[in-house]
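Work through the exercises below with the sequence and structure open. Try each task before reading its solution.

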Amino acid sequence: MKKESSMKGEFGAQEADIGSRVKRVRKARNMTITELALLANVSAGAISQIERNLTNPTVRVLEQLRLVLKVPLSAFLEETEAHTHGAEHYVRRAAERPHFNVGKQGISKQMLSPSGDHDLQFMFINIPAGVQSAEMLMGKGEKAGLVMAGELTLEIDGDTVLLTPGDSFQFQSHLPHNIFNPTSSDATVLWIMHISSEQHL
């Protein structure tokens with residue numbers, strides 16, 4: 001299920017065709033939907049809907065799928081991994097940022113990290129009015145962010161704090177956490193996370 005991201009026009013981002021790429025990688029591994037479902041602990045019906053772009057998977061589901069299929073997250077977001085040389089290999093051009101929607105509430109993400117498998121990842125996250133993030137990745141590592149626009153309520157280990165543009169934060173990612181937009185306008189946060197793939201929950 002594809003929705004137009006409010007960030008796409010501003011940054012020239014490219015919409016990620018996640019469904020067809022999940023299907024392509026699964027078939028390249030000679031794996032059926034049922035086999036992938038069992039190994040990734042995701043229902044076969046959900047995988048079928050993802051592959052047909054009938055639903056927007058959460059980041060947690062994408063992580064579960066990519067760990068089983070042994071590919072970086074970028075394999076679901078880009079047609080092919082860029083083969084660049086020199087310093088360009090470490091750069092993500094503004095016009096080449098993949099963007100994708102997660103879950104059913106209109107949250108959209110735009111990858112800023114270069115192509116490839118990285119323990120440290122950063123992205124823009126757009127959270128619509130009145131929406132709370134769902135199924136946050138937890139594990140050994142850290143997360144941090146900078147509010148770019150709007151207001152957000154950050155909850156960490158049961159405590160909450162209101163964030164406004166220019167406010168930044170950082171915390172251990174094993175702590176229970178969530179982020180919520182309590183206002184009537186969209187909010188955007190620069191989100192940074194460092195979690196080893198084997199530590200994801």
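**Exercise 1. Confidence**

Task: Find how far the chain can be trusted, and which elements have the lowest and the highest mean pLDDT.

Solution:
- Start with the whole chain. This is a predicted model. Its mean pLDDT is 85, and 85% of the residues reach 70 or more.
- Go to the elements. Helix α1 (residues 8–11) has the lowest mean pLDDT, 47, and strand β7 (residues 159–163) has the highest, 97.
- Look around α1. The pLDDT is below 50 over residues 2–12, yet this stretch has 31 contacts in the model beyond near neighbours in sequence.
- Draw the limit. Where pLDDT is low, predicted coordinates should not be read in detail.

**Exercise 2. The overall fold**

Task: State how many helices and strands the chain has, and what share of its residues is buried.

Solution:
- Count the elements. The chain has 6 helices and 10 strands.
- Take the burial. Of the 201 residues, 46% are buried.
- Check the contacts. Among those with a separation of 6 or more, 67% link residues 24 or more positions apart.
- Finish with the surface. The chain exposes about 10,100 Å², and carbon and sulfur atoms supply 52% of it.

**Exercise 3. The two sides of a helix**

Task: Sort residues of helix α3 (residues 33–40) into buried and exposed. Then explain how the buried ones are arranged.

Solution:
- List the buried residues. They are L36, A37 and A40.
- Look down the axis. These buried residues fall within an arc of 105°, so they line one face of α3.
- Recall the geometry. An α-helix has 3.6 residues a turn, so residues three or four places apart point the same way.
- Turn to the other side. There, L38 and L39 are exposed.
- Find the cover. The buried residues of α3 are covered by elements including α2 (18–28), α4 (44–51) and α5 (59–69).
- Step past the helix end. N41 follows α3 and has a positive phi, near 60°.

**Exercise 4. An enclosed strand**

Task: Why is strand β3 (residues 107–111) described as largely enclosed, and which strands pair with it?

Solution:
- Count the burial. In β3, 5 of the 5 residues are buried, so the strand is largely enclosed by the rest of the structure.
- Split the faces. Side chains in a regular strand alternate between the two faces of the sheet. In β3, I107, K109 and M111 lie on one side, S108 and Q110 on the other, and both faces are covered.
- Take one partner. Strand β2 (residues 98–102) pairs antiparallel with β3 over 4 bridges. H99 stands opposite Q110.
- Trace the connection. β2 and β3 form a hairpin with 4 residues between them, and G103 in the turn has a positive phi of about 65°.
- Take another partner. Strand β4 (residues 120–127) runs antiparallel to β3, joined by 4 bridges. Here S108 has N126 as its bridge partner.

How values were computed. Residues are numbered from 1 along each chain as its sequence is written. This is a predicted model: local features need pLDDT of at least 70, side-chain atom pairs count only at pLDDT 80 or more; totals for chains, interfaces and linings use all residues. Side-chain values use heavy atoms; hydrogens and water are left out. pLDDT is the predictor's confidence in each residue, from 0 to 100. Contact means heavy atoms within 4.5 Å. Buried means under 20% relative accessible area, exposed over 50%, partly exposed in between (1.4 Å probe, protein chains only). Accessible areas come from the Shrake-Rupley method with a 1.4 Å probe; for residues, only the protein chains shown count as cover. The arc is that of the directions from the helix axis to the C-beta atoms. Two strands pair if DSSP finds at least two bridges between them.
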